[in-house]
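Biologist: I'm new to reading protein models, and I'd love a slow, close look at one helix. Could you then show me how other parts of the fold are put together?

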Amino acid sequence: MDEKIQEALEKFAEESVKEYTQEETKEENTEAEITEDTSAELEIQEEEKTEEPDIPAAEETDVPAGEPEKKSEDSLPKKEKIKPISFFKKMNKKKFLIGAGMTAAVLAFFYFLGAFYYSERLYGRTKIGETVCGNMTVEEAENAIKEQTENYVLEITFKDSQEEIKGQEIGYTYQSNDVAQTVLREQNPFFWIGGLLSEHDYPATHTASLDEEKLREKINSFECTKEENMIPSQDASIAFENNQFVIKDEVQGTAIDIDLLVEKVTEAAENGVNNFSAEEEGVYILPQVTSDDETLKKEQEVWNSCAVVTVTYLFGDQKEVLDGMRVKDWFTYDAEGNYVEDQETLMANIQAYTAELAAKYDTVGKSRVIKSTATGENVTVEGGDYGFLIDQEKESAQLLQDIQGHVNTQREPVYARRGAVYGENDIGNTYVEVDLTGQHLWYYKDGALLMDSDFVSGTYYKYDRRTPAGSYYLKYKQRDQVLRPAPNPDGSYDYETPVEYWMPFNGGIGFHDANWRWSFGGSIYLYNGSHGCINLPVSFAGEFYNSLEAGCPVICFYR
């Protein structure tokens with residue numbers, strides 16, 4: 001209580017006791033005087049009784065008529081006796097009533113004084129949240145709550161570390177909602193005695209505000225929240241092992257959703273929470289798919305039944321393996337992971353894969369490097385139609401059949417055209433080298449030069465008659481043919497040339513004998529060349545025709 005009120009109560013108590021003591025002394029003196037008077041009177045009576053002489057009993061005599069009858073002494077009324085005990089009882093009762101009245105007055109005074117005191121103060125054993133507010137005014141209680149609130153400390157427990165955030169670091173500020181005033185209104189000051197005997201705990205309904213940017217900055221300063229220290233979680237997944245699909249368990253990492261952590265910590269701080277578990281609050285980025293996921297199990301079952309296929313493509317020493325791990329992605333599934341028949345989508349995925357194979361392994365049209373026989377230097381040859389060429393349509397049909405049959409096989413793809421050998425140099429050791437600049441060719445068979453000859457190629461300075469460079473292959477061989485260009489609109493031809501040996505390698509361009517020429521080689525081709533074919537001496541053409549086989553690479557180049 002207030003010191004002045006306490007002093008007033010003590011002074012009042014002292015004066016009351018003094019007054020009561022004086023009254024009691026006065027009553028005792030009065031009582032003593034009465035007791036002395038009574039005792040004296042009793043002694044006088046006792047003495048009179050002692051001194052009275054003995055009178056003999058009178059004899060019975062007749063009383064004369066007309067005389068009044070004398071009464072005996074015994075018949076006279078005796079003097080009334082004093083009763084001291086009753087008097088004392090009356091005196092004690094008066095004393096008791098006076099004392100009780102004084103006590104009641106004192107108690108009433110203290111009671112109403114307490115009621116007045118607690119009309120503006122909280123009960124003595126009042127606690128708001130964690131703040132003890134007993135006997136405080138509303139203002140004192142609010143200040144105590146504010147001080148305790150702004151000394152706030154939050155302990156954060158992460159998976160493998162602990163961090164601390166102090167209120168001062170994040171601009172933590174008390175936001176009053178007049179909780180102390182509310183508590184004061186709820187308490188009845190006239191029940192203050194009961195209020196002192198029991199505890200009164202009230203929840204801390206006040207709030208606090210903070211600077212979110214400072215909080216985010218503080219959180220980002222923790223080692224465990226730095227990106228380089230966070231390990232991402234991994235979902236459970238299906239892997240292809242030992243020719244079957246198995247479920248790999250999920251892996252929980254230490255990556256944290258920073259935005260969610262800031263949100264959760266803000267909420268905890270504003271509500272005055274002192275301990276925060278990052279794991280319990282769910283701020284870690286957990287795997288989205290676990291090993292007991294029913295959809296995952298269904299996919300595993302379907303993939304094992306529909307995608308157990310392995311096609312190993314052979315490209316010489318190189319291999320390209322297509323297994324169920326990729327094939328399963330070509331199927332269509334519903335939301336529950338069940339297989340849905342969708343032939344069109346499956347074929348589209350197969351065709352896309354076949355196109356990938358072609359882009360990777362087809363060699364048609366690619367540049368090649370050949371060593372010039374004439375100069376001994378490497379020459380790059382571009383263009384042409386020689387090389388490996390996968391027949392994508394037929395290969396797609398074959399692959400669909402393999403998948404539907406769940407086969408495990410090794411094979412080459414279906415080719416529309418193929419080179420002589422696999423590898424960087426797919427020409428091999430049997431080929432015809434056609435040096436258009438030197439107007440000479442060499443025919444190598446199994447790596448050995450078999451024959452060579454001068455020739456005359458297409459007229460160089462007439463672009464539409466120039467022999468194109470490139471890598472080709474001999475399409476076929478025919479005897480005794482008439483060479484004609486494309487017909488004119490009226491069906492006639494600009495020329496018709498009969499030849500004995502016809503060996504085409506680039507559309508209408510090929511090797512053939514030219515019995516109308518007397519010389520070959522040199523610079524004849526520059527102005528007086530052919531329409532594009534390679535003109536050979538008759539003496540060479542026959543032997544060349546007999547030795548050359550269809551499919552033999554023909555490499556044409558200018559130096």
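Modeller: Here is a walk that begins with one helix and then moves on to sheets, a hairpin and one exposed lysine. Please keep in mind that this is a predicted model. The protein chain has 13 helices and 28 strands, and buried residues make up 35% of its 559 residues. Of the contacts between residues at least 6 apart in sequence, 67% join residues at least 24 apart.

Let's start with helix α8, which covers residues 294–306. You can check its length with a ruler. At 1.5 Å a residue, its 13 residues should span 18 Å, and the C-alpha atoms at its ends are indeed 18 Å apart, so the two values agree. Next, which residues of α8 are buried? They are Leu296, Val302, Trp303 and Cys306. These residues cover an arc of only 125° around the axis, which means that they sit on the same side of α8. Turn to the other side of α8 and you find Glu294 and Glu301, which are exposed. What covers the buried residues of α8? The cover includes the strands β8 (237–241), β9 (244–248), β13 (332–333) and β14 (339–340). Finally, look at the N-terminal end of α8, where Asp293 acts as a cap: one of its side-chain oxygens lies 3.1 Å from the backbone nitrogen of Thr295.

From there, let's visit another helix, α13 (residues 538–547), by way of the sheet it packs on. This is an open sheet of four strands in the order β24-β25-β26-β27, and its pairing is mixed. The edges are held by β24 and β27 (534–536); each has a single partner strand, so one side of each has no neighbour in the sheet. On average, and ignoring direction, neighbouring strands here are turned by 40° against each other. Within this sheet, β26 (residues 509–513) and β27 pair in the parallel sense over three bridges. One pair to find on your screen is Asp513 with its bridge partner in β27, Leu536. Helix α13 touches β24, β25 (497–506), β26 and β27, and its direction makes about 50° with that of β25.

While you are at this sheet, pause at Asp480 in strand β24 (residues 478–483). Its phi is near 55°, a positive value in a residue other than glycine. That deserves a second glance because most residues other than glycine have a negative phi. Is Asp480 buried or exposed? With a relative accessibility of 54%, Asp480 counts as exposed, because the cut-off for that word is over 50%.

There is another aspartate to set beside it, in a hairpin. Strand β21 (residues 440–445) and strand β22 (residues 448–454) run antiparallel and are joined by six bridges. His440, for instance, has Asp454 in β22 as its bridge partner. Two residues lie between the strands of this hairpin, and Asp446 there takes a positive phi near 55°. Asp446 is in the loop between β21 and β22, and with a relative accessible area of 64% it is exposed.

A three-strand sheet gives you some more practice. This open sheet has the order β2-β1-β6 and mixed pairing. Its edge strands are β2 (131–132) and β6 (200–202), each of which pairs on one side only. Strand β1 (residues 126–128) runs parallel to β6, and three bridges join them. Thr126 stands opposite His200 in β6. Across β1 and β6 lies helix α4 (residues 179–186), running at about 145° to β1.

Our last stop is Lys319, in strand β12 (residues 318–322). Its relative accessibility is 55%, so Lys319 counts as exposed. Which residues does Lys319 contact, once neighbours within four places in sequence are set aside? The contacts are Thr312, Tyr313, Leu314, Tyr361 and Gln410. Also look for Arg411: it is 92 residues from Lys319 along the chain, yet their C-alpha atoms are separated by 9.6 Å.

Methods. Residues numbered from 1 in each chain as written. Predicted model: local features only at pLDDT ≥ 70, side-chain atom pairs only at ≥ 80, totals over all residues. Heavy atoms only, no water. Pairing = 2+ DSSP bridges. Buried < 20%, exposed > 50% of the residue type's maximum accessible area, 1.4 Å probe, protein only. Contact = heavy atoms within 4.5 Å. Axes fitted to C-alpha atoms, helices over the stretch in contact; angles between N-to-C directions. Expected span 1.5 Å × (residues − 1). Arc of directions from axis to C-beta. Polar contact = N/O pair within 3.5 Å; in protein donor to acceptor, adjacent residues only side chain to side chain.
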